[in-house]
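Notebook open, model loaded. I want to go through strands, rings, cysteines and cores, and jot down what I find.

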Amino acid sequence: MKYQSVKGTRDVLPEEQPYWRHIEAQIYRICTLYGYERIDTPIFEQTQLFERGVGASTDIVEKEMYTFEDRGHDSLTLRPEFTAGVVRAYLQNGLHTRPKPVRLFSIGPIFRYERPQAGRFRQHTQFNVEALGEQDPAIDVEVMSIAWQLYADLGFQGLCFQLNSTGCPQCRPGYLKVLREYYQAHFREICPDCQRRLERSPLRVLDCKVDSCQPIIANAPPLLEHLCADCSSHFAKLRQYLELLGRPYTLNHRLVRGLDYYTKTVFEVWVQGIGAQNAMCGGGRYDGLIEQLGGPPTPGIGFGSGIERIILSMKEQGLSVPTLPKPQVFVASQGESARLVALRVLFSLRESGVATTFAPGDRSLKAQLREANRIGASVVLIVGEEEVAKQAVSVKDMASGVQEMVRLEQVVENVTKRLNALTHK
């Protein structure tokens, strides 16, 4: 074919839609349970919003953003993450005047120019949660539990939180000094990216995936040993709440996430048995972001989870989803006059809320009945010359094979009763 989907994008075909609809239904159900409301922001924003919010020295801003100049010569960027846009909407639309915390969630596409791999695409769909305006560690646990409950309810086993604290502007500078001193002693052993990060974004060296850097990361000084009293207290309460709820967690000193706005809590949810990339979601606290984007000092916490990643993991673990409903009624006809009657019946049923389909074109009655069998129709309506003459329709129960003639004006009622009876069997 001349045209193909762009590298890093994919088509979601009808066969995969049951996964999407099931996951979205679970997201809505769980967010409703937790009192979170949906917010939708534009898929592109001013480039400066992401440069300031995400961090100019991050890989996202330096390497991965889709940025373009529009006809008005404004620099715009397809959103590479949700939080900065949600914070912008929070400030612009007066959501900061609402009672705190403001609980929000989003579902939509994210765009990053990165190397495509299993479960990761240059356009992917993300489920995003934000809680704004409250610093209580109980809100950390609430946000984390939304992710946990989603994966648990989808059927995943072996869930575990990966947990760390990245400190705050009071205690982080002292830790960064210690970290730089440690890495300077190993400067020639680390990869070129880490050599660059050490000056511009030193925490990111702990997130490096290059093999030669792993022993150095493993022996790096843990940030948790350098927290101030406030951050230590926050983290201790968070761990206490997780233990109270029976949520297993692992302290992971190399977990820093890839965005500059994180403070205090950072976390991921890992699932066992899904290969090397076992992180299902990631997030954390960003207590200085809203102030950085022009608002008043306001704490916040959130996470993002790629839906494609969830689906891939569900398939790997053999987790099933409900099939999507299909039309239970099929209308077949033979001859032009019968076709006119059949179309009238077809649309009368649809207008009455009965999912109904038919086979277009000049197919034989036998071929139409085969199609009805293929789609699993429960009831088939047949219109031929005899039915036209009698102003009636033959109604066939596909399970029993029993067929009866029903007058046109009674067809909708008759079919509705049949389907109701099947539903309550």
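How many of the six residues of strand E15 (residues 392-397) are buried? I count five of the six, so I note E15 down as mostly covered. For the record, I am working on a predicted model throughout.

**Entry: around E15**

I looked up the partners of E15 next. Strand E14 (residues 379-383) runs antiparallel to E15, and four bridges join the two. On that side I find Val-379 bridged to Asp-397 of E15. Strand E16 (residues 403-407) also pairs with E15 in the antiparallel sense, over five bridges. Here Val-395 stands opposite Glu-404 of E16. I then checked the connection: E15 and E16 make a hairpin with five residues between them. Gly-401 sits in that turn, and I note its positive phi of about 80°.

**Entry: E12**

Moving to strand E12 (residues 329-333), I find five of its five residues buried. I wanted to know which side chains go which way. Val-329, Val-331 and Ser-333 point one way, Phe-330 and Ala-332 the other, and all of them are buried. E12 pairs with strand E13 (residues 356-358) in the parallel sense, over three bridges. One position I wrote down is Phe-330, which stands opposite Thr-357 in E13.

**Entry: aromatic pairs**

I searched for ring pairs and got 10 in the structure. Tyr-151 and Phe-156 have ring centres 6.3 Å apart and planes at 80°, so I log the pair as edge-to-face. Tyr-151 is buried, at 0% relative accessibility. Phe-156 is buried too, with a relative accessible area of 4%.

Another pair I looked at is Phe-161 with Phe-267: centres 6.2 Å apart, planes at 85°, so edge-to-face again. This pair links distant parts of the chain, with the two positions 106 residues apart in numbering: Phe-161 belongs to strand E7 (residues 159-165) and Phe-267 to strand E9 (residues 263-271). Both Phe-161 and Phe-267 are buried.

Do ring pairs chain up into anything? I put it better as: which residues do ring pairs link into a cluster? My list reads Tyr-28, Phe-105, Phe-127, Trp-148, Phe-161, Phe-267 and Phe-303.

**Entry: charges over rings**

I checked for arginines sitting on rings and kept two. Arg-122 lies over the face of Tyr-113, 3.9 Å from the ring centre. Arg-350 has its charged end over the ring of Phe-347, 5.1 Å from the centre.

**Entry: cysteines**

How many disulfides does a search of the whole structure find? Zero. I looked at Cys-168, which is in no disulfide; its nearest cysteine sulfur belongs to Cys-231 and is 3.5 Å away. The cut-off for a disulfide is 2.5 Å between the sulfurs. Cys-168 is buried, with a relative accessible area of 5%. Cys-281 is in no disulfide either, and the nearest cysteine sulfur, that of Cys-160, is 12 Å away. Cys-281 counts as buried at 5% relative accessibility.

**Entry: cores**

Before looking, I reminded myself that nonpolar side chains tend to be buried together in soluble globular proteins. The largest nonpolar core here has 44 residues, and Phe-127, Tyr-151 and Phe-156 touch the most other members. Helix H5 (residues 137-154) supplies the largest share of this core, 10 residues.

I pulled up the surroundings of Phe-127. Leaving out neighbours within four places in sequence, its contacts include Ile-27, Cys-31, Phe-105, Ile-146, Leu-150 and Phe-303. Ser-106, Gly-304 and Ser-305 are also among them.

There is a second, separate core of 25 residues, and Val-61, Tyr-90, Tyr-261 and Tyr-286 are among its members.

**Entry: a glutamate in H5**

Last look of the day: Glu-142, which lies in helix H5. Is Glu-142 buried or exposed? I get 17% relative accessibility, so Glu-142 counts as buried. Not counting residues up to four places away in sequence, Glu-142 touches Tyr-34, Tyr-36 and Arg-103.

Conventions:
Residues are numbered from 1 along each chain as its sequence is written. This is a predicted model: local features need pLDDT of at least 70, side-chain atom pairs count only at pLDDT 80 or more; totals for chains, interfaces and linings use all residues. Side-chain values use heavy atoms; hydrogens and water are left out. Rings of Phe, Tyr and Trp (its six-membered ring) pair if their centres lie within 6.5 Å; planes under 30 degrees apart count as stacked, over 60 as edge-to-face and the rest as tilted. Buried means under 20% relative accessible area, exposed over 50%, partly exposed in between (1.4 Å probe, protein chains only). A charge sits over a ring if NZ of Lys or CZ of Arg is within 6 Å of the ring centre and within 35 degrees of the ring normal. A nonpolar core is a set of buried Ala, Val, Leu, Ile, Met, Phe, Trp, Tyr and Cys residues joined through side-chain atoms within 4.5 Å. Contact means heavy atoms within 4.5 Å. Two strands pair if DSSP finds at least two bridges between them.
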